[in-house]
Amino acid sequence: MAEEKGYTLGDKRDAVNEKVTDTTCDINTLFSELGFSTFILSLSTSVLVHLGELPDPVTSTKGANLQLARQTISVIELLKEKTRGNLTEEEENSSILCSTT
């Protein structure tokens, strides 16, 4: 699974490093800001892509994959259960976990 369509993980990492050339957002700044809320936002965006609501960021096409959407929603529900009472106030106030039922 390390290779996909002829690309290795190293190729993908190199491509990301090349794209992050803006001096206001270097690769270290980008990854230092990844926190719990950003992680949840990433998961919720993934759900929207899998539901066909947003285009796939790689192919720019919309298409539904309900099995992947359901699986990602289940991960969010699991995180909600497992993090209850363990989030910082900021994470709790900004997290999508608070608004899910």
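Trainee: What does Leu 43 touch, not counting residues up to four places away in sequence?

Mentor: Leu 43 touches Thr 72, Val 75, Ile 76 and Leu 79, where contact means heavy atoms within 4.5 Å. This is a predicted model, in which local features need pLDDT of at least 70, side-chain atom pairs count only at pLDDT 80 or more, and totals for chains, interfaces and linings use all residues. Residues are numbered from 1 along each chain as its sequence is written, and side-chain values use heavy atoms, with hydrogens and water left out.

Trainee: Which residues make up the largest nonpolar core?

Mentor: Seven in all: Phe 36, Ile 40, Leu 43, Val 47, Ile 76, Leu 79 and Leu 87. A nonpolar core is a set of buried Ala, Val, Leu, Ile, Met, Phe, Trp, Tyr and Cys residues joined through side-chain atoms within 4.5 Å. Helix 3 and helix 4 (66-83) each supply at least two residues of this core, and helix 3 gives the most, with four. Helices are DSSP runs of H or I, at least four residues, numbered from the N terminus.

Trainee: Why is His 50, in helix 3, called buried?

Mentor: Buried means under 20% relative accessible area, exposed over 50%, and partly exposed in between (1.4 Å probe, protein chains only). His 50 has 18%, so it is buried. Among the residues His 50 touches, beyond four places away in sequence, are Gly 63, Leu 66 and Thr 72.

Trainee: And what makes Leu 48 count as partly exposed?

Mentor: Leu 48, found in helix 3 (residues 36-50), has 36% relative accessibility, and therefore counts as partly exposed.
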